[in-house]
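Please open the structure in your viewer and keep the selection tool at hand. The tour below goes from stop to stop, saying what to select and what can be found there.

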Amino acid sequence: MADFSPRSTARIAKHPIHPMLVPFPIACFVGALLTDIAYWRSAEMMWSNFSSWLVSAGVVLGIIAAIAGLVDFIGDRNIRKQAPAWPHVIGNLIVLIVATINMFVHTHDAWTSVVPWGLTLSAVTVVLLLFTGWMGWAMVYRHRVGVAE
Amino acid sequence: MTRAYFRTGLTGLAGLLLASACALPAASADDFDPMSQVGPNPVLPEPQQYLFPPMNIAKAVGWKEGEKPTVAPGLKIEALATGLEHPRFLYVLPNGDVLVVESQGPGVEPVKRPKDLVMGLVMSIATGSGGKGGESNRVTLLRDADGDGKPETRSVFLEHLSSPFGVALVGSDLYVANTDSLMHYPYKEGDTKITDPGKPLTELPGGPIDHHWTKSLVASPDGSLLYVGVGSNSNITENGMQAEKNRAAIWEVDRATGRWRIFADGLRNPNGLTFEPTTGALWAVINERDELGPDLVPDYMTSVKDGGFYGWPYSYYGQHIDPRVQPQRPDLVAKAIMPDYALSSHVAPLGMAFNTADSLPAKYKGGAFVGEHGSWDRDKFNGYKVVFVPFKDGKPEGKAEDVVTGFLDHNLAARGRPVGVAIDKSGALLIADDVGNTVWRVTPAQQTAAVK
């Protein structure tokens, strides 16, 4: 374990931006899974409309969070050296690809905007996020990425 | 360790792409012949749903000086009136005066999903020059008493209407179908303007949403009943079943009392309501559902049976189930009637008129002219023309043929788009063009000589 903290490049007053942004897309994608399940069980269009907004907002906010994260990743070689860094980056890029596909699936009208593929992709997104999120937390709480000296 | 994570990720990605590729087939080679979907037994491919649905709508450019549509041999076309504001429907009064219904959609459809924002943008490109922002939602009267194709009188007949579409006259009672009400006005032969504010005979399903807003109208041959086309409030129930109450139907309204009932339903967007002259059966042209692929579902024309159910939303073309509708209704699907005659997919028929006059060449007698507004959700344009469907003994007989084309220019931009069609007192075919803001008049090619 290094006895110094890898430095965040995208930061405001020494506060790394990336960890401030990531909760938003995560909440959107988890929410979309819940509203997809609600639509699947009820066929009530309101839930699938919620899903459309949540998935779309998740993609947009996810891209913004990813930009901040990539700046950190590229900005300090000591970050790239951490074991969880690569799976975190690649995993989250996959999350964004899956969520983007899911966004288009959710533009279908009525039932097939969710069942079966919208719901499946929403679930895959959340499962992937559990893994990539774990890697992200490891980088901060175990490898002290962006933590002040 | 890094490498292990890496491999897991890549395997996962490959699996996902494979899965989504299976679920969402890519656009197939577009070698499908749209003419195979013209006639009583259209070829119906398997439904497809796209990741990136094809959206291709002709950009509106309007007609330049001297440009006009192309007509079939033996015919000639001239503008009867230009500079109109989004003309959608035509009605010929007994004295030969032509009513032009100029109409704009109510524009009350809310943004419910991010998709609605994108769709709104695409549609605004298409209708860009449809109306120059001037006065619309009115009826203009054209009087061409000497029949030379140049109206001597042009007046605003009725104004300040609410997205009007259908018009019908019974004796001295004139009816206008606004998007939200069926209005009654007194009319005297020769009137060029109606100042009476009118009385509603019945309300019609308008907002909220009002997705398909055009209310087609026809009076029964004996004049006692009115038939109103009421389109669905969505493509395929994506606004919820509650929004579809009394919609996707043809209403029968008692003219004396305003009491109404559903005459037939399961008709997604019925327009061009008209009675077939030999059998007296009610016919309509129907805009079918979108986003099941470029070649589904064919729009159609059909005789409409009392109490008939024609499938929407649960099924199309008889018993073909639409996977997008839940909960399904097998009881209704079982009794869904197969329509009489397909017009090809996404051609968007909005007007129909039977020709009983002798003016046009004999082969056009007895059949129906259909105005096809044109496609927006397939790569290759379909429609954007007026076709003729020959009839024999009150049934379509043979393939529809092109009568008026050339609404798209060489760059596939829309100079015009046909909507309502009518036969005028002289027997000429009239076409409302809501992008070119023109009413076109089609006559036999040799008629000029005859008149002179």
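The stops that follow take in confidence, the contact between chains, a sheet, a residue within that sheet, and a pair of hairpins.

**Confidence first**

Begin by colouring the model by pLDDT, since this is a predicted model, and its overall scores are ipTM 0.89 and pTM 0.92. Select chain B, whose mean pLDDT is 91, with 90% of its residues reaching 70 or more. Now select residues 1-29 of chain B, where pLDDT stays under 50 and the model has 24 contacts beyond four places in sequence. Then go to residues 448-452 of chain B, where pLDDT again stays under 50 and the model has one contact beyond four places in sequence. Where pLDDT is low, the predicted coordinates should not be read in detail.

**Where the chains touch**

Show both chains and select the residues at their contact, to which chain B gives 29 residues and chain A gives 23 residues. On the side of chain B that touches chain A, α1 (2-23) and α2 (114-126) of chain B each supply at least two residues. Which helix supplies the largest share of that side? The helix is α1(B), with nine residues, although α1 spans residues 2-23 of chain B and pLDDT stays under 50 over residues 1-29 of that chain, a reason for care at this stop. By residue type, the side of chain B that touches chain A divides into 13 nonpolar, 10 polar and six charged residues.

**A sheet of four strands**

Next, select strands β3, β30, β29 and β28 of chain B, which in that order form an open sheet with antiparallel pairing. At its edges are β3 (75-81) and β28 (418-423) of chain B, each of which pairs on one side only, and from one strand to the next the twist averages 25°. Strands of a sheet pair through backbone hydrogen bonds, either parallel or antiparallel. To look at one pairing, select β3(B) together with β30 (residues 438-444) of chain B, which are antiparallel and joined over six bridges. Within this pair, B:A81 has B:V439 of β30(B) as its bridge partner.

**A residue in β28**

Stay with the sheet and select B:A422, which lies in strand β28 of chain B. Is B:A422 buried or exposed? B:A422 is buried, because 23 other C-beta atoms lie within 10 Å, and 20 or more are needed for that description. Leaving out residues up to four places away in sequence, B:A422 touches B:L90, B:Y91, B:V92, B:A353 and B:L430. If you also select B:R441, you will find that B:A422 and B:R441 are 19 residues apart in sequence, while the distance from C-alpha to C-alpha is 9.6 Å.

**Two hairpins that share β9**

For the last stop, select strand β9 (residues 173-177) of chain B, which is largely enclosed by the rest of the structure because four of its five residues are buried. Add strand β8 (residues 166-170) of chain B, which runs antiparallel to β9(B) and is joined to it by five bridges; B:L169 has B:L174 in β9(B) as its bridge partner. β8(B) and β9(B) make a hairpin with two residues between them, and B:G171 in the turn has a positive phi of about 60°. Now add strand β10 (residues 181-186) of chain B, which pairs with β9(B) in the antiparallel sense over five bridges, with B:D173 standing opposite B:P186 in β10(B). Here a hairpin of three residues joins β9(B) to β10(B).

Technical notes:
Residues numbered from 1 in each chain as written. Chains lettered and ligands numbered in written order. Predicted model: local features only at pLDDT ≥ 70, side-chain atom pairs only at ≥ 80, totals over all residues. pLDDT = per-residue confidence, 0-100. Contact = placed C-beta atoms within 7 Å. Pairing = 2+ DSSP bridges. Axes fitted to C-alpha atoms, helices over the stretch in contact; angles between N-to-C directions. Nonpolar A, V, L, I, M, F, W, Y, C, P; charged D, E, K, R; others polar. Buried ≥ 20, exposed ≤ 12 C-beta atoms within 10 Å, placed from the backbone.
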